Amino acid sequence: MSDNDDLRRAARQEQFLDVIDRTEAAARFHAHLRLEPSSRETVPLADALGRVLARTVSAPVDVPAFDRASVDGFAVRSGDTYGASDEVPAALSLNPEVLAPGVEPSMAVTSGTATPIATGGMLPRGADAVVMIEHTELLEDRQPLRIEIRKPALPGQFVAFAGTDVAKGETVIRAGQWLTSRELGVLAAIGLDRVDVYLRPRVAIISTGNEIVPPGEPLRPGKVYDSNGTILAAAVRELGGEPVSLGVVPDDESALDSALRRGLECDMVLLSGGTSKGAGDLSYRAVSALKNPGIVAHGVALKPGKPICLAVTDGKPVVVLPGFPTSAIFNFHEFVAPVLRRLAGLPAARTRSVEATLPMRVTSERGRTEYLLVSLMPTDDGLAAYPMGKGSGAVTAFSFADGFIAIDQRTEQVPAGSAVSVQLLGQALEPAELVFVGSQCAGLDYLLTLLQQRALSVKAFYVGSMGGAAAAKRGECDIAGVHLMDPATGEYNRHLLTAELELVPGYRRMQGIVFRKDDPRFAGKPLEAALAAAREDASCLMINRNAGSGTRILIDRLLEGGQPPGYPVQPKSHNAVAAAVAQSRADWGVAIETVATQYGLGFIPVQDEHYDFLVPKSHLEKPGVRRFREFLGDDRVRQALVDMGFRL
């Protein structure tokens, strides 16, 4: 070929097949790809940092595994301290044991007694609160030893109840979650030493051009260092991929063809430089030889980044990025990153914000700055920052939180509706695409897990049916799970509707008394007889549910104003109730039949109820809500719910 031929070819610069918009280019690209992880592997927990969870993890144990003290002091029955003051202290005899961490109690706390207990110590049977040692005085001249208590204790005070952080059987982390140090801490807290993760997609990276020089080599005139190779490798690693650097390839057709063949042994190939059709632009020529289907887009109406080339061959994505670093990384995030995230099992990237409104009143202790972990939830008026509602010993609080707010040491109360500044825990922590607030249910957990596995980011906040209905009315969530009966009509949930809310039918489930199958007070007895037996036995401990939940309303109706032993203990889930009964920390409670079966407990039916979903009408067309409703109507999903024990 003559010099004039080269000159003519360079002058023509027939650069693009056709210039299309970004949406069309992405649609063509995705149409030929299987956008899901290829496989999974099991790795030690120590090697799981930065990996993507491939299998949803349920807790094999309770966290904490027992009721424990959160301060140094004395385990007591709160009723023994009512009315205590400096003028009229309550006097209690000390039991002859000291409950340090790791010590199993051998004596129950009975009326008029207390047991010394250290922070982290196991709460003995009969006790429902801990009095701080600062609020007591030892009467050393008395035998047996006695203490005077000068401040009353509330039920549950300074006690972290077993399973209040995580209850055995509860979902802890869903498949598709990027594992950071916080998630690894949660997995370690439930005793796991190995975890299933998705295989990292291997991405071949090829830098092309005679002018490109690897970093570290001498730079001659007309040459530039290969920054694209480093930038792209780091970006791939940040998104859960494994970069495979094939180095710098000169403008030589044979060398480039050989590098491309090696690159196709990986899951994806990225080339930078040579994407145009002019003289010396060999990357485009090499990729143009690919088939099935080959090039799907060449030239996109973007600035920077117009000359990008997108191709697919036998299901593998091949992308030729522009040589200029700014254009290369811009196009990487526009076209490559969404595909790579899907191949790595990650959800789509989301935007973030730090301005929020506190939807509920928060109290704080004067004298120290408090950092309150919050979960960010989009509303019609911006972001709402929901306090996590878990104590300082809760491992999952950090895992589920998006950020924190700082409450000044001189502030005792932050009113509802206050504007707050939220400091995010990490740049990758962003508002979810679907926000759920309301009652917890195993069936709901299954549905949310499906959404998470379909690359839709999900956030769930369990505050009970009444709290969910209130959040839906305020537009602070996309979906609220409710199971509240109208006492006037006996109909479920429809009385909660307003002009702004729509009811999406869910499924039916049976609530009932759960107990250990060998307990003669309940086994084989009808409901009224079982309740009578429980009331007659002062040693029979119940476990309650949190105020505002539909189950709590049902319990209070059953008890007709009574408050039997254990009534102040109020976990937030059916699993926590079943775990307490199964482990003999309580003798009975109310939970759904599905959970009773899961824990191998006896079950006495009480109420067949409807578990439905309230959706703000302004949220009905959100992609997450539409996907959720599609799942509810899917035959396979419906059958799975039936197999779990629910009725449709």
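## Cysteines

How many disulfides does a search of the whole structure find? The search turns up 0 disulfides. Please keep in mind as you read that this is a predicted model. As a reminder, a disulfide is a covalent bond between the sulfur atoms of two cysteines.

C309 makes a good example, since this cysteine is in no disulfide. Its nearest cysteine sulfur belongs to C266 and sits 19 Å away, whereas a disulfide would need the two sulfur atoms within 2.5 Å. C309 is also buried, at 0% relative accessibility. C540 is another buried cysteine, with a relative accessible area of 1%.

## Salt bridges

Let us turn to the charged side chains. The model holds 23 salt bridges. One of them pairs E36 with R34, and the closest N and O atoms there are 2.9 Å apart. E36 is partly exposed, with a relative accessible area of 38%, while R34 counts as exposed at 64% relative accessibility.

Which residue forms a salt bridge with D62? The partner is R585, with the closest N and O atoms 3.2 Å apart. This pair links distant parts of the chain, 523 residues apart. R585 belongs to the loop between helix 13 (574-582) and strand 34 (588-592), and D62 to the loop between strand 2 (57-58) and strand 3 (68-69). D62 is buried at 4% relative accessibility, and R585 is partly exposed, with a relative accessible area of 22%.

D478 and K622 also meet through their side chains in a salt bridge, at 2.9 Å from N to O. D478 lies in the loop between helix 10 (465-473) and strand 31 (479-482) and K622 in the loop between strand 35 (602-616) and helix 15 (623-633), so this salt bridge ties together parts that are 144 residues apart in sequence. Here D478 is buried, with a relative accessible area of 1%, and K622 is partly exposed at 25% relative accessibility. Elsewhere, salt bridges with shared partners join R125, R516, D519, R521, D537 and D587 into one network.

## An open sheet and two helices

Next comes a sheet that you can trace strand by strand. This open sheet has 6 strands in the order 16-13-17-20-19-18, and their pairing is mixed. Which strands are at the edge? They are strand 16 (242-249) and strand 18 (293-298), and each of these pairs on one side only. On average, neighbouring strands of the sheet are turned by 15° against each other, direction ignored.

Within the sheet, strand 17 (residues 268-272) and strand 20 (residues 316-321) run parallel and are joined by 4 bridges. Opposite L271 stands V320, in strand 20. Two helices can be placed on these strands as well. Helix 4 (residues 227-238) lies across strand 13 (202-208), strand 16, strand 17 and strand 20, and runs at about 165° to strand 13. Helix 5 (residues 253-263) lies across strand 13, strand 16, strand 17 and strand 20 too, running at about 175° to strand 16.

## Strand 6 and its partners

Is strand 6 (residues 113-117) enclosed or open? In this strand 5 of the 5 residues are buried, so strand 6 is largely enclosed by the rest of the structure. T113, T115 and I117 point one way, A114 and P116 point the other way, and all are buried.

Strand 6 has partners running in both senses. Strand 4 (residues 73-76) runs antiparallel to strand 6 and is joined to it by 3 bridges; G73 has I117 as its bridge partner. Strand 5 (residues 90-94) runs parallel to strand 6, with 2 bridges between them, and S93 has T113 as its bridge partner.

## Around V414

The last stop is a single residue, V414, which lies in strand 26 (residues 413-414). V414 is buried, with a relative accessible area of 13%. Leaving out residues up to four places away in sequence, V414 touches L358, M360, R361, V362 and I407.

For a sense of where V414 sits, compare its position with A108. These two residues are 306 residues apart along the chain, and their C-alpha atoms are separated by 40 Å.

Methods. Residues are numbered from 1 along each chain as its sequence is written. This is a predicted model: local features need pLDDT of at least 70, side-chain atom pairs count only at pLDDT 80 or more; totals for chains, interfaces and linings use all residues. Side-chain values use heavy atoms; hydrogens and water are left out. A salt bridge is a side-chain nitrogen of Lys or Arg within 4 Å of a carboxyl oxygen of Asp or Glu. Buried means under 20% relative accessible area, exposed over 50%, partly exposed in between (1.4 Å probe, protein chains only). Two strands pair if DSSP finds at least two bridges between them. Axes are lines fitted to C-alpha atoms, for helices over the stretch in contact, and angles run from 0 to 180 degrees between N-to-C directions. Contact means heavy atoms within 4.5 Å.
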